[in-house]
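Student: I would like a close look at one part of this model. Please take a single group of side chains, go through it residue by residue, and then work outward to what lies around it.

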Amino acid sequence: MDERTRNLQTQRRELIEKVSDNVVESARPLIDPDTKPEELQKFSREVTDRIQFEANVAFSEAVTRFAVRKLEKQVSEAGERMFERFGRNFRFQHMLMFLSVIFLIITGIPLKFPSVGISRFIILDIFGGIQNSTLIHRVAAVGLIIVGVWHLGFIIFSRIGRRDFWLMIPRPQDIKDALQTILFFLGKRKSGPKFHRFSFIEKFDYWAVYWGMVIMIGSGLVLWFKEQFAKGIFDIAREAHSDEGLLATLAIIVWHFYNVHLNPDVFPMSYVWWHGKLSESDMKHHHPLEYAEIIEAEKQKVLAENEPRTESAEKQP
Ligand code: HEM
């Protein structure tokens, strides 16, 4: 803390005490003369504490609202404060994953429906033959395996990863939220549920991908190195890979695309995957419980850092 801030804090403390004295003094003519001095002293302390509390709240509000650099806040072009939702590490994981998955889908699904015209067009005309498309499928599969290992490391070794993984774990509240959402959509509730960092929709998305990756990588490796496995295992793996591949594709198109692209709230798309940030209004709208928690923590931090050391307790009324 620099000299000027220290001086300002001292001045604030003196001002609080002056205002408090003033309040008590101006009330004195109206106070019963038989009132015990200890009671008046206690009252005076309470007035000081109350004024000090209000001053601290107003101070922290000023800081959270306007002290841009101090709290390392970012502000959008529209002048709104921006909150970091996803850091660089997580965004790169997501980018590698969606690039890999896009190629896995466009080189995998045509193998499931080889006689359909569009499958032939993709394999023959776009990729120039089955050898090329299966090679691309394997290169993209390596990308997905890298993401799987990377993400596992992230949720074990990174503090943010561990925190987010913990918050991703489904809880009974998610079932209540899902029911409330359905009732809200049916017009039976005035408002939808309020979410924390991850809504039940986002948790569903995450766990579908998590589960999907385990199945697709596991079964894909069996297909890839089929000589190492018994025919029965190969058959099961092929069935699982083929059906889960279609399910994953549909889940991405129906669930994920609706929630991050087609939902009128975010249409044409949420750019969080690119810059990782969410505006203050989006935070309030989509993650109000997390927003309230962040603001409260910031206020507490500012209050703790700027708590004036008052000697009001010793002050006479
Ligand atoms: C989102 C991820 C993936 C999707 C949607 C997907 C989709 C598919 C589909 C639909 C097939 C055709 C199955 C059939 O014949 O009915 C296939 C084949 C295959 N997939 Fe995947 N796959 C994915 C990930 C992977 C991964 C991670 C690996 C490897 C670890 C892999 C390796 C293979 C192999 C080896 C084949 C057999 C065809 C070939 O030789 O290329 N796939 N995939």
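Tutor: Tyr206 is buried, because its relative accessibility of 14% is under the 20% cut-off. Keep in mind throughout that this is a predicted model. The ring of Tyr206 pairs with that of Trp207: the centres are 5.1 Å apart and the planes stand at 90 degrees, so this pair is edge-to-face. Trp207 itself is partly exposed, at a relative accessible area of 26%.

The two belong to a cluster in which ring pairs link Phe165, Tyr206, Trp207 and Tyr210. In the structure as a whole there are 14 aromatic pairs. One of them joins Phe165 and Tyr210, with ring centres 6.4 Å apart and planes at 40 degrees; the pair is therefore tilted. That angle falls between the limits of 30 degrees for stacked and 60 degrees for edge-to-face. Phe165 is in helix α6 (residues 159-168) and Tyr210 in helix α8 (residues 200-224), so the pair ties together parts of the chain that are 45 residues apart in sequence. Both rings have some access to the surface: Phe165 is partly exposed at 23% relative accessibility, and Tyr210 is partly exposed at 25%.

Next, what touches this cluster? Beyond its neighbours within four places in sequence, His151 is in contact with Tyr206 and Tyr210, and also with Phe90 and Gln93. His151 is in helix α5 and is buried, with a relative accessibility of 12%. Its C-alpha lies 8.4 Å from that of Gly161, which is 10 residues away in sequence.

Helix α5 (residues 130-157) also carries His137, and that residue leads to the metal. His137 and His241 each coordinate the iron atom of the ligand through NE2, at 2.0 to 2.1 Å. The iron site has six donor atoms with angles of 85 to 180 degrees among them, and it is octahedral. For comparison, the ideal angles for six octahedral donors are 90 or 180 degrees. His241 is in helix α9 (residues 231-262), so named in the DSSP numbering from the N terminus, and the two histidines are 104 residues apart, which makes this a link between distant parts of the chain. His137 and His241 are both buried.

Another helix, α3 (residues 88-112), holds Arg91. Arg91 is buried, with a relative accessible area of 14%. Its contacts, leaving out residues up to four places away in sequence, are Phe86, Val272, Trp273, Trp274, His275 and Gly276. Of these, Trp273 is 182 residues from Arg91 in sequence, yet the two C-alpha atoms are 5.9 Å apart. The loop between α9 and α10 (272-275) contains Pro268, which is joined to Phe267 by a cis peptide bond with omega about 0 degrees. Most peptide bonds are trans.

A second arginine is placed against an aromatic ring: Arg171 lies over the face of Trp166, at 5.0 Å from the ring centre.

Finally, a word on confidence. The chain has an average pLDDT of 88, and 90% of the residues score at least 70. Two stretches are under 50: residues 68-72, with five contacts beyond four places in sequence, and residues 313-317, with 12 such contacts.

How values were computed:
Residues numbered from 1 in each chain as written. Predicted model: local features only at pLDDT ≥ 70, side-chain atom pairs only at ≥ 80, totals over all residues. Heavy atoms only, no water. Phe/Tyr/Trp six-rings, centres within 6.5 Å; stacked < 30°, edge-to-face > 60°. Helix = DSSP H or I, 4+ residues; strand = E, 2+ residues; numbered from the N terminus. Buried < 20%, exposed > 50% of the residue type's maximum accessible area, 1.4 Å probe, protein only. Lys NZ or Arg CZ within 6 Å of the ring centre and 35° of its normal. pLDDT = per-residue confidence, 0-100. Contact = heavy atoms within 4.5 Å. Donors = N, O, S within 2.8 Å, 3.2 Å for Na, K, Ca; no water. Tetrahedral: all angles 85-135°; square planar, octahedral: opposite > 155°, others 65-115°.
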